[in-house]
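Here is a short report for a first look at this model. Keep the structure in view while you read.

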Amino acid sequence: MAPKAIIAPSILSADFAQLGADCARTMEQGADWLHVDIMDGHFVPNITFGAPVVAKIRKHVDKPAAGLGRGTFDCHMMIAEPKKWVKEFQKAGCDLYCFHYEAAFSSAAESPEARTDAKTNPKDLIRYIHGLGLLAGIALKPATGVEVLTELLESEDPKERPDMVLIMTVEPGFGGQKFMASELPKVQALRTKYPDLNIEVDGGLGPGTIDQAADAGANVIVAGSAVFGAKDPAEVISLLRTTVDSRSTGKL
């Protein structure tokens, strides 16, 4: 049985001319979290926005009352040096800092202006994020095998274990891509081995693909254009939630 459904619309598909209002409206329409895509033009070939924008939209959405609660800002850090930015995004109002495994063998510097030859690693980065009072997520690109997470998920120290795993179902960097069902075996493997783990899928999710993701065991659903571009976003959010929860309860 998977954990309950968490619907996290990606604000990359929101109206940037009225971003704060769009974020607030989406929460009113039934969203649990907001998925905040941060891209630096290095780790991925696209640039979105940084901590100042996150701080502005935070004023429009109440902070969660508890970990993983309603209003969580799920910051998906598609950046080359994730440790440098943890403190900045903490200050901005991030709740869950989700870095890419592939970028986690980079500078151990703790601020954008700092310089060091020392390198971090996924385990140390998760511990660092937790030490700053944030939840930690770890994301995998399609080319990365899920077995790289075993050491982290089975660490004896809970401070070294991620609170969520994100399986990308598109190549990170751009919205509106076609869903890659080829990545769902990773979700299935994780759900079988770690039944209580929060497993997020991101890329190409919507009414036409949610059944596949839910069947595989995903419970945290990122949907961008499927929600923000819908005639009735509340109806889409409800459909995504019902589909996921029906699998976790066995009521199809």
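## E160 and its partner

The side chains of E160 and R127 make a polar contact at 3.2 Å. This is a predicted model. E160 sits in the loop between α5 (150–153) and β6 (164–168). E160 counts as buried, with a relative accessibility of 13%.

What else does E160 touch, leaving aside neighbours within four places in sequence? Besides R127, the contacts are K123, I126, L152 and S155.

## Helix α4

Helix α4 spans residues 122–131. Its buried residues are P122, L125, I126, Y128, I129 and H130. Several elements help to cover them, including α3 (86–92), β4 (96–100), β5 (135–140) and α5.

Both ends of the helix deserve a look. At the start of α4, a side-chain oxygen of N121 comes to within 3.1 Å of the backbone nitrogen of K123. Just after α4, G133 has a positive phi of about 85°.

## Nonpolar cores

The largest nonpolar core holds 65 residues. Which of them have the most contacts inside it? They are I11, F89, Y97, L149, L190 and I221. A second core, separate from that one, has 13 residues. Among them are I6, C98, A139 and V222.

Take L149 as one example from the largest core. Leaving out residues up to four places away in sequence, L149 touches I138, L140, V165 and L190.

## Cysteines without bonds

How many disulfides does the structure hold? The count is zero. C23 is in no disulfide, and the nearest cysteine sulfur, in C75, lies 11 Å away. C23 is also buried, at a relative accessible area of 0%.

C94 has a cysteine sulfur at a shorter listed distance: 3.6 Å, again in C75. Why is this pair not bonded? A disulfide needs two cysteine sulfur atoms within 2.5 Å, so the 3.6 Å between C94 and C75 is too far for a bond. C94 is buried as well, with a relative accessible area of 1%.

## N219, a buried polar residue

N219 lies in the loop between α7 (210–216) and β8 (220–223). Is N219 buried or exposed? It is buried, with a relative accessible area of 0%.

The side chain of N219 has polar partners. One is the side chain of N198, in a polar contact of 2.9 Å. Another is the backbone oxygen of K4, which lies 3.0 Å from a polar atom of the N219 side chain. Not counting residues up to four places away in sequence, N219 touches P3, K4, A5, I6, R191, L197, N198, I199 and V244.

## The start of the chain

A2 belongs to the segment before β1 (6–9). A2 is buried, with a relative accessible area of 17%. Setting aside residues up to four places away in sequence, A2 touches R191, P195, G217 and S248. R191 is also on the contact list of N219.

P64 offers a contrasting pair with A2. The two residues are 62 residues apart along the chain, and their C-alpha atoms are separated by 22 Å.

## The largest pocket

The largest pocket has a volume of about 270 Å³. Its lining is made up of 23 residues. Which of these lie nearest the centre? They are G175, G176, D202, G203 and G204.

Some elements supply at least two lining residues each. These are β2 (33–39), β8 and α8 (225–228).

## Two loop residues

L68 is found in the loop between α2 (51–58) and β3 (72–78). Most residues other than glycine have a negative phi. L68 is not a glycine, yet its phi is positive, at about 70°. L68 counts as partly exposed, at 28% relative accessibility.

F16 lies in the loop between β1 and α1 (19–28). F16 is partly exposed too, with a relative accessible area of 43%. Not counting residues up to four places away in sequence, F16 touches I11 and F49. I11 is one of the residues with the most contacts inside the largest nonpolar core.

Technical notes
Residues numbered from 1 in each chain as written. Predicted model: local features only at pLDDT ≥ 70, side-chain atom pairs only at ≥ 80, totals over all residues. Heavy atoms only, no water. Buried < 20%, exposed > 50% of the residue type's maximum accessible area, 1.4 Å probe, protein only. Core = buried A, V, L, I, M, F, W, Y, C linked by side-chain atoms within 4.5 Å. Contact = heavy atoms within 4.5 Å. Helix = DSSP H or I, 4+ residues; strand = E, 2+ residues; numbered from the N terminus. Polar contact = N/O pair within 3.5 Å; in protein donor to acceptor, adjacent residues only side chain to side chain. 1 Å grid on protein atoms, 1.4 Å probe; cavity = no way out; pocket = protein on both sides within 12 Å on 5 of 7 lines; lining within 4 Å. Points joined across faces, edges and corners; volume = space filled by probe spheres on them.
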